[in-house]
Amino acid sequence: MERRTILRTLGAAAVAAALAPTTAIARALNAAPATRGRLKHSVSRWCYGKIPIDDLCVAAKGIGFRSVELLDEADWKVPARHGLVCAMANGFGTIPVGFNRLDQHDKLVADAERMIPRAAAAGVPNIVCFSGNRAGMSDGEGIANCIAGFKRITPTAERHGVTLCLELLNSRVDHPDYQADHTAWGVQVVQGVDSPRLKLLYDIYHMQVMEGDVIATIRANAPHIAHFHTGGVPGRHEIDDTQELNYRRVMQAIADLGFGGYVAQEFVPVRDPLTSLRQSFEICDV
């Protein structure tokens, strides 16, 4: 091209840019930042309870997160106002009182039958569930009871496309006597129920406390895991180099598996919370 042709072309492009609709420019300016895209990132609401939920959603989206989670039903649709989702709902039952108790099944089933369709209608893909505490119960009995209870509600979850996530928690530090405290325990429940809508919520912090060997365990049990939580060990604080886990390497291993669920930050910040949240995203965006 001749110099004059080039200049005319550049001039036309400049004019087109100047005349571009302001709404398009605004959308570009407000778009979420570019990420590597190998993992979907979420934020656990309870860790940032002092920040109004709308403000947290705005900050999370600005960093690159795609979800704010562990919300009660009244807040399920709030993230959508900001172009986010609630990737995990607070569920039915409690950490100490869950599916390992036969005398709790009728109530848990009734609560589940009410909640699952509503979660589906609100676009919430997952609901957290718990085994409950041992209170002297054997592992075998607890597993059998959980299987029996979950089998009553997974047909509803299957119909509505909502995944129930049995959370693995440590019983050594944070939740004494909790029964689903090892990956193998949870996997036996998931295999016994044999439904695509019952999976594990693998909390990396809790399982590092209980059993370590995180990457190998995740690789061995990946088909049974629907969701991940983070937290620095020890203390459940920031996931930077103040703690013992190499979270970047853990995330690389998860991404290499082709994991399609969410990874949620669930650490309790001891420094400026949004600064720590941004740092955690930068560590985990692999």
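Reader: Which elements make a right-handed β-α-β unit?

Author: In this predicted model, the unit consists of β6, α9 and β7, and its hand is right-handed. Strand β6 covers residues 225–229, helix α9 covers residues 247–256, and strand β7 covers residues 262–265.

Reader: How do strands of a sheet pair?

Author: Strands of a sheet pair through backbone hydrogen bonds, and the pairing is either parallel or antiparallel. In this structure, β6 and β7 run parallel and are joined by three bridges. Two of the residue partnerships may be located by name: H227 has Y262 as its bridge partner in β7, and H229 has A264 as its bridge partner in β7.

Reader: In what order do the seven strands form the open sheet?

Author: The order is β2-β1-β7-β6-β5-β4-β3, with parallel pairing. Strands β2 (67–69) and β3 (126–129) stand at the edges; each has a single partner strand, so one side of each is left without a neighbour in the sheet. From one strand to the next, the twist averages 30 degrees.

Reader: Over how many bridges do β1 and β7 pair?

Author: Strands β1 and β7 pair over four bridges, in the parallel sense. Within this pairing, S42 has A264 of β7 as its bridge partner. Residue A264 is thus a useful place to look in the model, since H229 also has A264 as its bridge partner.

Reader: What is the bridge partner of L200 in β6?

Author: The partner of L200 is I225. This bridge belongs with the pairing of strand β5 (residues 198–203) and β6, which is parallel and extends over four bridges. Towards the β3 edge, strand β4 (residues 163–167) and β3 run parallel and are joined by four bridges. There, I127 has L164 of β4 as its bridge partner.

Reader: How many residues of β6 are buried?

Author: Five of the five residues of β6 are buried, and the strand is described as mostly covered. Strand β7 may be read by the directions of its side chains: Y262 and A264 point one way, V263 and Q265 point the other way, and all are buried.

Reader: How is a pair of aromatic rings described?

Author: The description uses the distance of the centres and the angle of the planes. A search of the whole structure finds six aromatic pairs. One of them joins Y48 and F267, with 6.4 Å centre to centre and 80 degrees between the planes. The arrangement is edge-to-face because planes over 60 degrees apart are counted in that way.

Reader: Where do Y48 and F267 lie in the chain?

Author: Y48 lies in the loop between β1 (40–44) and α3 (53–63), whereas F267 lies in the loop between β7 and α10 (273–284). The pair links distant parts of the chain, as the two residues are 219 residues apart. Both Y48 and F267 are buried.

Reader: What are the distance and angle of the pair formed by F228 and F259?

Author: The centres of F228 and F259 are 4.9 Å apart, with 75 degrees between the planes, and the pair is edge-to-face. F228 is in strand β6, while F259 is in the loop between α9 and β7, 31 residues apart. The relative accessible area of F228 is 2%, so F228 is buried. F259 is also buried, with a relative accessible area of 15%. Elsewhere, F92, F99 and F150 form one aromatic cluster.

Reader: At what angle do α8 and α9 pack?

Author: Helix α8 (residues 214–221) and α9 pack at an angle of about 15 degrees, and their axes are 10 Å apart. That angle makes α8 roughly parallel to α9. The crossing of these two helices is right-handed.

Reader: Which angle and axis distance describe the packing of α5 and α6?

Author: Helix α5 (residues 139–160) and helix α6 (residues 183–193) pack at about 40 degrees, with their axes 9 Å apart. At this angle, α5 is oblique to α6. The crossing of α5 and α6 is right-handed.

Methods
Residues numbered from 1 in each chain as written. Predicted model: local features only at pLDDT ≥ 70, side-chain atom pairs only at ≥ 80, totals over all residues. Heavy atoms only, no water. Phe/Tyr/Trp six-rings, centres within 6.5 Å; stacked < 30°, edge-to-face > 60°. Buried < 20%, exposed > 50% of the residue type's maximum accessible area, 1.4 Å probe, protein only. Pairing = 2+ DSSP bridges. Right-handed = clockwise from strand over helix to strand, strands pointing away. Axes fitted to C-alpha atoms, helices over the stretch in contact; angles between N-to-C directions. Parallel < 35°, antiparallel > 145°, perpendicular 65-115°, else oblique. Left-handed = near helix turned anticlockwise from the far one by under 90°.
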